Amino acid sequence: MQFHHHGYVSGDPRVQPAAGVGLDRPAELPDEVDVLIVGSGPAGMIAAAQLAMFPGVVTRLVERRPGRLAIGQADGIQARSVETFQAFGFAERITAEAYRITEMAFWKPDPADPSRIHRAARAVDDPTGISEFPHLIVNQARVLDYFAEYAANAPGRLTPDYGYEFRGLVVDDDAEYPVAVTLAHTAGEHEGEERVVRAKYVVGADGARSKVRESIGCHLAGDQANHAWGVMDTLAVTDFPDIRTKCSIQSEAGNILLIPREGGHLFRMYVDLGEVPEDDHGAVRQTTIEQIIAKANDILHPYTLDVRNVAWHSVYEVGHRLTDRFDDVLPTELGTRTPRVFITGDACHTHSAKAGQGMNVSMQDGFNIGWKLGHVLEGRSPESLLATYSAERQVVAKNLIDFDKQWSSMMAKKPEEFDDPSELEEFYVRTAEFPAGFMTEYAPSLIVGAAEHQALATGFPIGKRFKSAVVERVCDTNPLHLGHHARADGRWRIYVFADAAPAAREGTPTAALADWLLTSSASPLAATPAGADLDAWFDVKVVYQQDHTEVDLGAVPEVFLPRTGPFGLIDYEKVYATRPGDDIFHLRGVDRAGAVVVVRPDQYVAHVLPLDATDALAGFFAPIHSAATVS
C-alpha cells in the first residue's frame with residue numbers, strides 16, 4: 001500500500017483523499033447523473049466501487065431496501081473472486097473471517113449396509129495450485145459491506161441511496177442524459193411517490209426478477225430441471241464427523257451438499273427434495289423447515305442432526321436461464337448505436353446455487369462494465385468500448401450454465417445411476433479450474449489482441465486472467481506477488497519482462513522500449529492528460545531476470561521510476577527482480593529475450609508482444625484511447 005505521496009497521512013491510509021464529486025457529494029439523489037446503478041447486490045456494489053475510483057464521474061446506486069443486506073443467500077467465494085478482492089484491498093481481511101475450503105469429502109451408501117452412509121473418498125480442493133488464493137465461504141452480506149466500505153473511502157465517496165424502487169425507463173438517444181428512469185420511494189414520508197432521474201447510462205443489477213431487464217425487452221430463456229432442493233443455514237448438534245468439511249452426501253434416501261460456514265459453527269445444507277411433478281404448480285415450495293430437517297436426517301442415517309437454530313431457509317427448483325444480450329442494443333442495431341442500459345448478474349443469468357458461481361460471476365460482470373463506463377465517461381476511451389461488455393460476458397454466462405447443468409444433474413443422481421462409483425469426485429477434480437473462476441477466456445476484440453506472439457509468455461494466455469507469481473521488489477528486497485500490487489484503480493498495466501542484460505538506460509531492448517514509452521508521441525502514455533502523473537492512466541512495471549542484488553536502481557530507465565504527487569516523489573515500487581529458486585520467467589514461460597504483457601484494468605491479459613514491437617503496441621492502444629468522446 002502506497003501513501004504519504006500527497007503529504008503525511010496520520011489516519012487510515014485506506015481512506016483515499018476525496019476528489020471530484022467526492023469533495024461535495026450531495027446527500028440527496030440528484031436529478032441528473034452519469035451512471036445510475038439499480039440494485040446493491042454483488043454486481044451492483046463492485047461496479048459502484050470501481051466507478052468510485054473515477055471522481056469525475058457522477059455515479060449513484062439506488063436500492064429498494066431501506067438499508068444494507070443483513071442475510072445473504074450466496075456464500076461461495078471462488079479463488080478468482082479473492083484475487084479480485086485483493087485488487088479492492090480487502091482479501092486478507094475477508095479471508096480471516098471466512099471458512100476456507102481445502103478438501104471435499106464424498107459420502108455414499110456403505111456396501112456392507114446400504115441403508116447407512118460412509119465416507120468413500122476425499123478430494124483436495126485445488127490439487128494443481130490454480131491460484132495462490134483460497135476458496136472461501138462467507139456471507140454475501142459481508143462481501144457487500146467490504147465493497148461499500150471501499151466505495152465510501154474512494155475519491156468519489158460513493159454510498160448507496162437506499163429506499164428507491166425502479167419502476168421503468170425510457171431511452172432518448174438524442175438527449176444529453178438519454179435514459180429517463182422512474183423511481184419510487186419505498187419508505188419514509190414520501191413513500192409511494194415517484195420521481196425521474198436522468199442518466200447517461202444505467203446498470204441493472206436488480207436480480208432474477210429484474211425490472212431493468214424487462215424495461216429493455218430482454219427475457220430469461222432456458223429450462224427447469226424439475227428437481228427441488230431445500231436449503232438451510234443451521235446451527236445444530238450432530239454426530240456426523242465431517243460437519244466442518246465440505247461434503248457431497250449420497251444415500252438411498254437422497255442427497256445433501258454440506259457447506260460449512262464462517263464462524264466455526266454455522267453450516268449450510270442443500271437437501272434433496274426429489275423430482276417435482278409437472279403438475280406441481282409450485283407446491284414443493286411450501287415444504288416446511290421441519291420437513292427439510294426430517295429429510296436431512298433420513299439421508300444422514302445412521303447419523304443424526306439436532307437442529308437448534310435456523311438462520312435462513314428456502315426451497316427452490318433448479319433452473320438454467322440466460323438472456324441473449326446484456327444491454328439494450330437489439331441484434332439489428334449492433335454497430336449502429338451506443339448501448340445505454342446494461343444488465344448484470346442474476347438479471348441476465350440464473351442457475352443452481354450448488355456450483356457456487358452466482359455471486360462470483362456476477363461480480364465479474366460488474367467489474368467488467370464498471371471500468372469501461374469509467375473510461376468512456378472520463379474521456380479516456382470511445383463509446384465503442386461499451387459494446388464489448390455484452391459480447392464478453394454473455395459467452396461467460398453461457399459457459400457457466402453449461403457447466404452448472406452437468407454439476408447440478410450429477411448432484412441429483414442416485415448412487416446406482418452412476419456408471420462409475422467414483423464419477424462424481426473425478427468430475428470435481430477434473431473441472432476444478434472452472435468453479436475456481438479461471439476458465440474465462442475473452443476472444444480477440446477491441447481490447448483483446450491476437451495470439452500471434454503468445455509463445456513469448458505461454459503462462460499468460462491472452463484473454464485469461466493474469467496469473468501472478470512471486471518476484472523481488474528491488475527497492476526494499478521484499479518478495480511479493482507481482483499481481484498483488486495491481487489495484488482496482490482503472491489503470492491498464494504494462495508489464496515489461498526485460499531481456500537478459502542488466503538494467504541500463506541505453507543499449508538494450510528493454511532500454512529502447514522504455515525510451516519509446518516515455519518520449520514517443522505514439523506511446524500509449526502520451527494519452528495521459530497534461531499535468532497528471534506519468535502513471536495516471538498506465539501502470540508500467542519492469543521485471544529483470546537478475547536477482548535484486550544485481551539490479552542497480554540508478555541504471556533503471558526513468559519510465560519505470562515515475563514521479564508522483566505534488567512533491568514529484570519517485571515511485572520505487574515498479575522495479576522488480578527475479579527471485580532465485582522461484583523464477584517468474586520459468587514459471588510463466590516468458591522468453592529470455594523479453595516480452596511485454598498488457599493487462600486490462602479488470603486483471604485480464606490483453607496482449608503479449610516482443611520488446612521491439614512498439615508499432616503493434618501503439619496500434620493496439622490507438623483505437624482504445626483515440627477519438628474518445630462523451631455524449
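Start by selecting helix H2 (residues 79-87) together with helix H7: H2 passes H7 in a left-handed crossing. You are looking at a predicted model, so take your time turning this pair around. The two axes come within 9 Å and cross at roughly 40°. That angle falls outside the range under 35 degrees that counts as roughly parallel, and H2 and H7 are therefore oblique to each other.

Now show the side chains at this meeting point. On the H2 side, pick Arg80, Ser81, Thr84 and Phe85; on the H7 side, pick Asn360, Met363, Gln364 and Phe367. Colour them by character and you should find three nonpolar residues, four polar ones and one charged.

**Next stop: the other partner of H7**

Keep H7 (residues 358-377) on screen and add helix H1 (residues 42-51). Their axes are 7 Å apart, and the packing angle is about 30°. With angles under 35 degrees counting as roughly parallel, H1 and H7 are therefore roughly parallel to each other. Which hand does this crossing have, left or right? H1 passes H7 in a right-handed crossing.

To see the contact itself, select these residues:

- from H1: Pro42, Ala43, Ile46, Ala47, Gln50 and Leu51
- from H7: Met359, Ser362, Met363, Gly366, Phe367, Gly370, Trp371, Leu373 and Gly374

This set divides into 10 nonpolar and five polar residues, with no charged ones. Look for Met363 and Phe367 of H7, which are part of the contact with H1 and also appear in the contact with H2.

**Two loops worth a click**

Go to Pro302, in the loop between helix H6 (289-300) and strand S16 (305-322). Zoom in on the peptide bond from His301 to Pro302: this bond is cis, with omega near 20°.

Then jump to Arg157, in the loop between helix H4 (140-153) and strand S8 (161-162). Arg157 is not a glycine, yet its phi is positive, near 50°.

**Towards the end of the tour**

Select residues 440-625, which UniProt lists, in an unreviewed entry, as "domain: Phenol hydroxylase-like C-terminal dimerisation". This span is 15% helix and 19% strand, and its end C-alpha atoms lie 25 Å apart.

Finally, colour the chain by pLDDT. The average is 92, and 95% of the residues score at least 70. Where does the pLDDT drop below 50? Select residues 627-631 to see that stretch, which has 17 contacts in the model beyond near neighbours in sequence.

Conventions: Residues numbered from 1 in each chain as written. Predicted model: local features only at pLDDT ≥ 70, side-chain atom pairs only at ≥ 80, totals over all residues. Heavy atoms only, no water. Axes fitted to C-alpha atoms, helices over the stretch in contact; angles between N-to-C directions. Helix = DSSP H or I, 4+ residues; strand = E, 2+ residues; numbered from the N terminus. Parallel < 35°, antiparallel > 145°, perpendicular 65-115°, else oblique. Left-handed = near helix turned anticlockwise from the far one by under 90°. Contact = heavy atoms within 4.5 Å. Nonpolar A, V, L, I, M, F, W, Y, C, P; charged D, E, K, R; others polar. UniProt positions renumbered as here; feature names shortened; annotations may be inferred. pLDDT = per-residue confidence, 0-100.
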